[in-house]
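Please examine the structure shown below before reading the report.

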Amino acid sequence: MLSRKGTVVGVRGFGVDVGGSGIKGSVVDLDTGALVVDRIKIETPHPATPDAVAATVAEIVARAGWDGPVGVTLPSVVTTGVARTAANIDPAWIGTDARALFSAALGGRSVTVLNDADAAGLAEDRYGAGKNVDGVVVLLTFGTGIGSAIIHDGVLLPNTELGHMEVDGKEAEHRAASSVKDAKDLSYKDWAVEVTRVLRRYEDLLWPDLFVVGGGISRKHDKWIPRLENRTPVVPAALLNTAGIVGAAMVSANPQEKGIAP
Ligand code: BGC
């Protein structure tokens, strides 16, 4: 049975979200987007080389006792399973066939790999803050960098890298990532000026119906969203630290998930 946005009802998936400090995974109920078991989290190995990360992913899947297909996020551009960039991760990932690597670490099972913000965007659009919005939803994650996902009526345009767009002579993520706020000790008021500048540029080029903002700093959204002066409505992400896992689980169950190449 298919729901309105095309989800197969009653199916579960398994998603793993690879981040700079932790690698997190869980079984997800794809009817509701809820985690079925407690999230399993292991510290990201240092250095976070492909082999070390693959071993950690395999450990999480084994601990969960999951033997089906798996979806994995990476903070990189990913095309047909190959990592193409490494802005905030180990450079050894560039050119790595991540899908083949994870699949080998998981006994040859089916694995789908996608960009971390794309996973969060798919999840927020289907189950979270973008659920009832039909037009263009742009999800942005504010963290070490700025991640982006563009979704139109449930279909993702994969691998947009809006964080690297130049805005007034500087890369957007060097202006407005939350790591910049921390490094420069900016107040929410001053940081919101930079975020406004970046959002204005994005909305002038993309004309989205909604911005969904995620990343750890979205927990404190009441301190900065009301200060933004851009045109498009901005809402905080609803799934917070599970969005990456949920989006990865969505593609694990359906590798053809709207916009992700198998
Ligand atoms: C990377 C993106 C990633 C984002 C959030 C950026 O620096 O280029 O691929 O989605 O950080 O992790």
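The report treats the model, its domains and its ligand site in turn.

## Basis of the model

This is a predicted model, in which local features need pLDDT of at least 70 and side-chain atom pairs count only at pLDDT 80 or more, while totals for chains, interfaces and linings use all residues. Residues are numbered from 1 along each chain as its sequence is written, and side-chain values use heavy atoms, with hydrogens and water left out.

## Domains

The protein is assigned domain 1 (4-118 + 242-252) and domain 2 (132-237); such bounds come from an automatic or database domain assignment. Over C-alpha atoms, the centres of domain 1 and domain 2 are 24 Å apart. Their contact (heavy atoms within 4.5 Å) takes 11 residues from domain 1 and 16 residues from domain 2.

## Ligand site

The residues around the ligand (a heavy atom within 4 Å of it) include Pro75, Ser76, Asn115, Asp116, Ile146 and Gly147. Domain 1 and domain 2 each supply at least three residues of this shell.

Three side chains have polar atoms placed close to ligand oxygen atoms, within the limit for a polar contact (a pair of N or O atoms within 3.5 Å). For His164, an N or O atom of the side chain is 2.7 Å from a ligand oxygen. For Asn88, the distance from a polar side-chain atom to a ligand oxygen is 3.0 Å, and for Glu173 it is also 3.0 Å. Taken alone, the ligand exposes 320 Å², of which the protein buries 91% (accessible areas by the Shrake-Rupley method with a 1.4 Å probe).

Note on methods: A polar contact is a pair of N or O atoms within 3.5 Å; within protein, one must be able to donate a hydrogen and the other to accept it, and residues adjacent in sequence count only if both atoms are side-chain atoms.
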